Amino acid sequence: MEKTVVLITGCSSGIGLGLAVRLASDASRRFKVYATMRNLAKKERLLECVRGCHASTLEILQLDVTDPLSLAAAAQQVQEQRVDVLVCNAGVGLMGPLETCSFQAMKTIFDVNVFGTIGTIQAFLPGMKRRKAGKIIISSSVGALQGIPFNAVYCASKFAVEGLCESLAVILQQFNVHVTLIECGPVNTSFLANLQRTDAEGSALQGLDPQTRALYSQYLQHCQSLFRDVAQDTEEVLQVFLEAICAPCPPLRSFTTQFFMPLTRLKLTSPDGSEYVRAMHKFVFSLTSAKHAAVSSAPSEPPGLCAPTWETPPQVAAGGWCCRHRSPHWARPPSLVQGTGVERGGAEGCISFLLRA
Ligand SMILES: NC(=O)c1ccc[n+]([C@@H]2O[C@H](COP(=O)([O-])OP(=O)(O)OC[C@H]3O[C@@H](n4cnc5c(N)ncnc54)[C@H](OP(=O)(O)O)[C@@H]3O)[C@@H](O)[C@H]2O)c1
């Protein structure tokens, strides 16, 4: 049987690397993977993960999504002269008070996350349309659907990609080309370490008002505890990518976690945005990390309280969004919610409870 040709951007680490390894190692050898990265000097990690035994299923190509020549050269090297599944995964983050973000840093974020994604899609879309078949999968983020304090520029770039993809999806359904945004929450990759951030102790903050400085310092603690307590493992997130790759008609959005759903949903239930602003402020600045920790460190042997709800996540009817959450964190009964009446609310119940606290 003909292999499904998958091209992935940003495979030097994290989600891209994990997905390339997973697909290239498929027991039935269903995929031919073009794992691309901007700097081939970083390919050793990927090669170590596949241990050299994937000659027929994996090829590594240089591709910098901000460089049209590199993009064209990579497209030329696809032997099959077609890409069935394009995974736009390359992305960078930027964290800090807006006043401290340099123009160059903001431009880089948009060059990679927005124009890099657009350029990559442009390179492979004509072939997909011609063949009347294809899937475009995007490594998106809950920060693409809701604003996150001190991540304004990153969120702006990810929001832009949501608008791009939602608009494309309307047209592309006629060409049997499916666009899927994988909405990830925090994932245990090098993303946090790699992102550009304003140093909490650095000179960039010196000219800033004390209130913003204090809020930023609080945010950094929140972010640290959020990644420590609720970040998903890459393998768990990859499962959602695999489902989108294998589904005949994947949805426009797939969520890797339901943890943030109560916040995300406020956009629909309270369209003027004031509820969201209030709730997000509370989540970041009023709730202590001890609460996140208490939720995620609850005993792993459930006394039958929450597991059924965790295992069969609800579909969110509004807007046709497809949600799922399999995190082992949330297969645990959160001690915080026991006896509060929100035990059966899944991961969503946990954050709803925290917001009501
Ligand atoms: N981890 C999270 O918490 C999280 C949450 C939501 C969404 N996401 C999204 O998931 C995607 C993957 O992130 P990750 O978590 O796997 O982080 P990561 O380990 O930092 O991976 C990012 C990848 O993007 C590559 N990249 C950056 N600029 C590029 C360019 N100009 N051309 C080609 N590749 C480039 C990086 O390559 P270099 O090694 O050369 O820099 C790296 O391979 C990103 O789009 C991110 O926004 C991540």
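**Group meeting talk: helices, strands and a listed serine**

Hi everyone, let's start with helix α5: its buried residues pack against β5 (94-95), α4 (103-131), β6 and β7 (177-184). Keep in mind that we are looking at a predicted model.

Which residues of α5 are buried? They are Val153, Tyr154, Cys155, Ser157, Lys158, Val161 and Cys165. The helix itself covers residues 152-172, and its length makes a nice check. At 1.5 Å a residue, its 21 residues should span 30 Å, and the end C-alpha atoms are indeed 30 Å apart, so the two values agree.

Now hold on to Lys158, because it leads us to the residue that UniProt lists for "binding site" in an unreviewed entry, Ser141. Where does Ser141 sit? It belongs to strand β6, residues 134-141. Is Ser141 buried or exposed? It has 30 C-beta neighbours inside 10 Å, and that is why it counts as buried. If we set aside neighbours within four places in sequence, Ser141 touches Lys158, Glu183 and Cys184. Lys158 is one of the buried residues of α5, and β7 runs over residues 177-184.

Let's move to a second helix, α7, residues 210-230. The same sum works here: 21 residues at 1.5 Å each should give 30 Å, and the ends lie 30 Å apart, which agrees. In α7, the buried residues are Tyr216, Tyr219, His222, Cys223 and Val230. These cover an arc of only 125 degrees around the axis, so they fall on the same side of α7. Pro210, Ala214 and Gln224 are exposed, on the other side. If the pattern looks puzzling, remember that an α-helix has 3.6 residues a turn, so residues three or four places apart point the same way.

Next, a pair of strands. β2 (residues 31-37) and β3 (residues 58-62) pair in the parallel sense, over 5 bridges. To find one of these in the viewer, look for Thr36, whose bridge partner in β3 is Leu61. How does the chain get from β2 to β3? It goes through helix α2 (residues 43-50), and this β-α-β crossover is right-handed.

Finally, let's zoom out. The protein chain has 13 helices and 9 strands. Of its 357 residues, 42% count as buried. Among contacts between residues at least 6 apart in sequence, 76% join residues at least 24 apart. Ser141 with Glu183 is a contact you can look up yourselves. Thanks for listening!

Terms used:
Residues numbered from 1 in each chain as written. Predicted model: local features only at pLDDT ≥ 70, side-chain atom pairs only at ≥ 80, totals over all residues. UniProt positions renumbered as here; feature names shortened; annotations may be inferred. Helix = DSSP H or I, 4+ residues; strand = E, 2+ residues; numbered from the N terminus. Buried ≥ 20, exposed ≤ 12 C-beta atoms within 10 Å, placed from the backbone. Contact = placed C-beta atoms within 7 Å. Pairing = 2+ DSSP bridges. Right-handed = clockwise from strand over helix to strand, strands pointing away. Expected span 1.5 Å × (residues − 1). Arc of directions from axis to C-beta.
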